[in-house]
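Biologist: Please take a close look at one buried side chain and its surroundings, and then at the main pocket.

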Amino acid sequence: MADELFDIYDEQLRPLGTATRAETHAKGYWHRSFHCWLTRREGNRRFVRFQLRQASKDTNPGCYDITAAGHLSAGETIREAIRELEEELGVSASFEQLIPLGQIRENISGEVNGIPFIDREVSDVFGLVCELPLTELLLQPEEVAGVYEADLDELIALFEGSLSAVSASGVELVDQNEQLTIVQCSVSAKQFVPREFSYYTSVLQALHGCT
């Protein structure tokens, strides 16, 4: 399978052309991505969902992350990137249903299986109200190992440092097939993709306004 192509940019987001995913992460080119956090309300409580990245991912494998996210392919617009919801979770939504939560820049580096990576992204962040039960999600085996939900206020407290862990309910793939098993787990902030905690707290606080 051919490596996917990204549009790449310099520090000022001036276009530089295209590069493969591997080259983009090896050389640290700036590129664009799509973030979408799924949330729902139950009585007076609001919940937020997050995914577990597959252990085979080339960046931050096995970490908890945004409910659905992905890079924009070369020539793709942010409107078209909503495909990530369908591909990763089996959730159908229109771009008009998304609630804009801002744009961020991230510069994350690390190493996976002895191979260093530099992930420099400009990400458009959205929220989406989704009442679909976790058991009805269709997880993409190559990308997503599980999806969980936790109380929104508890997650904010987790990233603010006033809680050391939160309880989450979720579903996980069985042997990377489409069968799901229901799980309960305890989640800590250090298990998430290592971003500035201010990213998580600001996005989670903004989700309170999603209706």
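Modeller: Arginine 195 is buried, because its relative accessible area is 12% (buried is under 20%, exposed over 50%, partly exposed in between, with a 1.4 Å probe and protein chains only). This is a predicted model, in which local features need pLDDT of at least 70 and side-chain atom pairs count only at pLDDT 80 or more, while totals for chains, interfaces and linings use all residues. Residues are numbered from 1 along each chain as its sequence is written, and side-chain values use heavy atoms, with hydrogens and water left out.

The loop that holds arginine 195 runs between strand E11 (180-187) and helix H4 (197-207); helices (H or I, at least four residues) and strands (E, at least two) are DSSP runs, numbered from the N terminus. The side chain of arginine 195 makes polar contacts with two acidic side chains: that of aspartate 65 at 2.9 Å and that of glutamate 106 at 2.4 Å. A polar contact is a pair of N or O atoms within 3.5 Å; within protein, one must be able to donate a hydrogen and the other to accept it, and residues adjacent in sequence count only if both atoms are side-chain atoms. With neighbours within four places in sequence set aside, arginine 195 is in contact (heavy atoms within 4.5 Å) with His35, Asp65, Ile66, Glu106, Ile108 and Tyr200.

As for the pocket, strand E8 gives the most to the lining of the largest one, with five residues. That lining divides into twelve nonpolar, eleven polar and 17 charged residues. Here Ala, Val, Leu, Ile, Met, Phe, Trp, Tyr, Cys and Pro count as nonpolar, Asp, Glu, Lys and Arg as charged, and the others, Gly among them, as polar. A pocket is an open set of points on a 1 Å grid over the protein atoms alone, where a 1.4 Å probe fits, with protein on both sides within 12 Å along at least five of seven lines; lining residues have an atom within 4 Å of a point.
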